[in-house]
Amino acid sequence: LASINPATLAWVGGIGLAVAAVVGLGVALLSLGNQFDGYYDTIQRGTGASGTALEGLKADFDAVYESSASGGDLVATTLTSLNQRLDVTGSVAQQLTTQFANLDEIGKTASVDQFAASLNNWGLSAEEGSARLESLRKISTETGATIDDLTAGVTQGGPQFRAFGLSFDESAALVGQFNKAGIDSGQVVGGLTIAAKKFTADGVDLRDGLDQTIASIKNAGSESERNAIAIEAFGRSGLRMGDAIATGKLDVDGLLATIAASPDTIASAAAATRDYGETLT
């Protein structure tokens with residue numbers, strides 16, 4: 001060894017290090033490849049897609065995964081559920097999957113199945129889903145109700161809300177504000193059902209009747225008068241609903257105006273909370 005040129009020893013040692021590095025890289029790539037194969041298997045098993053359709057979903061997964069700090073398992077299961085429930089692929093699937101992944105990052109985890117059910121209940125297209133999800137997140141932030149609370153409420157009360165001429169966002173805002181006041185969506189739906197029967201029997205347009213009742217409660221001269229109006233209109237739920245209306249806890253128009261004026265989005269909220277490690281990921 002002493003007779004070997006030091007430069008030769010250095011060269012041989014360098015070769016050894018290079019070989020070790022290549023082997024290590026190969027192992028890492030093999031592991032990563034196995035992970036991706038597992039993600040693709042999740043999508044294939046869940047959707048039953050094959051051929052061109054499966055390749056398209058794989059491309060959707062790749063597009064979301066490369067721009068998300070969420071794990072591949074979450075992205076794969078979310079994309080799969082969206083495809084199952086809303087039959088989405090391409091840009092719509094990528095946008096919704098990214099939104100749900102970002103919601104998970106900011107601690108606003110929501111059920112894909114429940115969200116899809118709310119869109120289907122209201123006859124809304126998947127293309128409208130992104131805007132509705134943005135509204136739901138803002139309503140959730142303003143009222144403290146979870147996104148799942150809101151989607152469950154607008155699904156449960158869909159027929160009643162639509163009968164009163166309320167939009168999806170108006171209904172979600174109504175559910176959120178009553179939820180904040182400690183009144184669950186079941187009580188709201190029950191109260192509206194009673195009110196609808198009364199207004200119909202009196203030949204009053206449902207939306208006009210609701211608006212007039214809310215105005216009468218707000219302008220009542222006494223608590224007893226307010227309670228009488230609320231109970232007559234909404235039945236047993238009237239006392240709590242009337243109290244929320246009278247004390248200003250119900251202001252759907254004001255809430256929606258605040259939401260419309262806010263430039264904040266799910267993506268910007270996720271970016272604002274992302275640390276260096278998450279960005280690097």
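Start by selecting Ser185 and Gln156: their side chains make a polar contact of 3.0 Å. You are looking at a predicted model, so every distance on this tour is computed from predicted positions.

**Stop 1: around Ser185**

Stay with Ser185 for a moment and colour helix H10, residues 185–201, where Ser185 lies. Now show what surrounds this serine. Leaving aside neighbours within four places in sequence, Ser185 is in contact with Gly153, Gln156 and Val175. Is Ser185 buried or exposed? Its relative accessible area is 18%, and because buried means under 20%, Ser185 counts as buried.

**Stop 2: the whole chain**

Zoom out and switch to a cartoon view. The protein chain has 16 helices and zero strands. Of its 281 residues, buried ones make up 40%. If you turn on contacts between residues at least 6 apart in sequence, 68% of them join residues at least 24 apart.

**Stop 3: the nonpolar core**

Next, select Phe61, Phe161, Phe164, Leu174 and Phe234. These are the residues with the most contacts inside the largest nonpolar core, which has 66 residues. In soluble globular proteins, nonpolar side chains tend to be buried together.

Pick Leu174 from that group and show its surroundings. Which residues is Leu174 in contact with, leaving aside its neighbours within four places in sequence? They are Phe161, Leu166, Val188, Leu192, Leu250 and Val252. Keep Leu250 and Val252 highlighted for the next stop.

**Stop 4: the largest pocket**

Rolling a probe the size of a water molecule over the atoms shows where empty space is left. The largest pocket holds about 340 Å³ of space. Four helices give two or more residues each to its lining: H9 (168–180), H11 (206–218), H13 (238–246) and H14 (252–261). Colour H11 specially, since it brings the largest share of the lining, five residues.

To find the middle of the pocket, select Asp211, Ile214, Leu250, Val252 and Asp253, which lie nearest its centre among the 17 lining residues. Leu250 and Val252 are the two you kept from Leu174's contacts. Try colouring the lining by class: you should find 11 nonpolar residues, six charged ones and no polar ones.

**Stop 5: Gln94 and its partner**

Move to helix H4, residues 90–105, and select Gln94. A polar contact of 2.9 Å joins its side chain to that of Asp60. Asp60 is also among the residues in contact with Gln94 once neighbours within four places in sequence are left aside; the others are Ala63 and Val64. Add Tyr65 as well: Gln94 and Tyr65 are 29 residues apart along the chain, and their C-alpha atoms are separated by 9.6 Å. With a relative accessible area of 26%, Gln94 is partly exposed.

**Stop 6: a loop with a surprise**

Follow the chain to the loop between helix H3 (72–86) and H4, where you will find Asp87. Most residues other than glycine have a negative phi. What is the phi of Asp87? It is positive, about 55°, although Asp87 is not a glycine. At 63% relative accessibility, Asp87 counts as exposed.

**Stop 7: Thr141**

Finish in helix H6, residues 129–143, by selecting Thr141. Its side chain reaches the backbone oxygen of Arg137 at 2.9 Å. Then draw a line from Thr141 to Ile259: these residues are 118 apart in sequence, yet 9.9 Å apart in space, C-alpha to C-alpha. Thr141 is partly exposed, at 45% relative accessibility.

Conventions: Residues numbered from 1 in each chain as written. Predicted model: local features only at pLDDT ≥ 70, side-chain atom pairs only at ≥ 80, totals over all residues. Heavy atoms only, no water. Core = buried A, V, L, I, M, F, W, Y, C linked by side-chain atoms within 4.5 Å. Buried < 20%, exposed > 50% of the residue type's maximum accessible area, 1.4 Å probe, protein only. Contact = heavy atoms within 4.5 Å. 1 Å grid on protein atoms, 1.4 Å probe; cavity = no way out; pocket = protein on both sides within 12 Å on 5 of 7 lines; lining within 4 Å. Points joined across faces, edges and corners; volume = space filled by probe spheres on them. Nonpolar A, V, L, I, M, F, W, Y, C, P; charged D, E, K, R; others polar. Polar contact = N/O pair within 3.5 Å; in protein donor to acceptor, adjacent residues only side chain to side chain.
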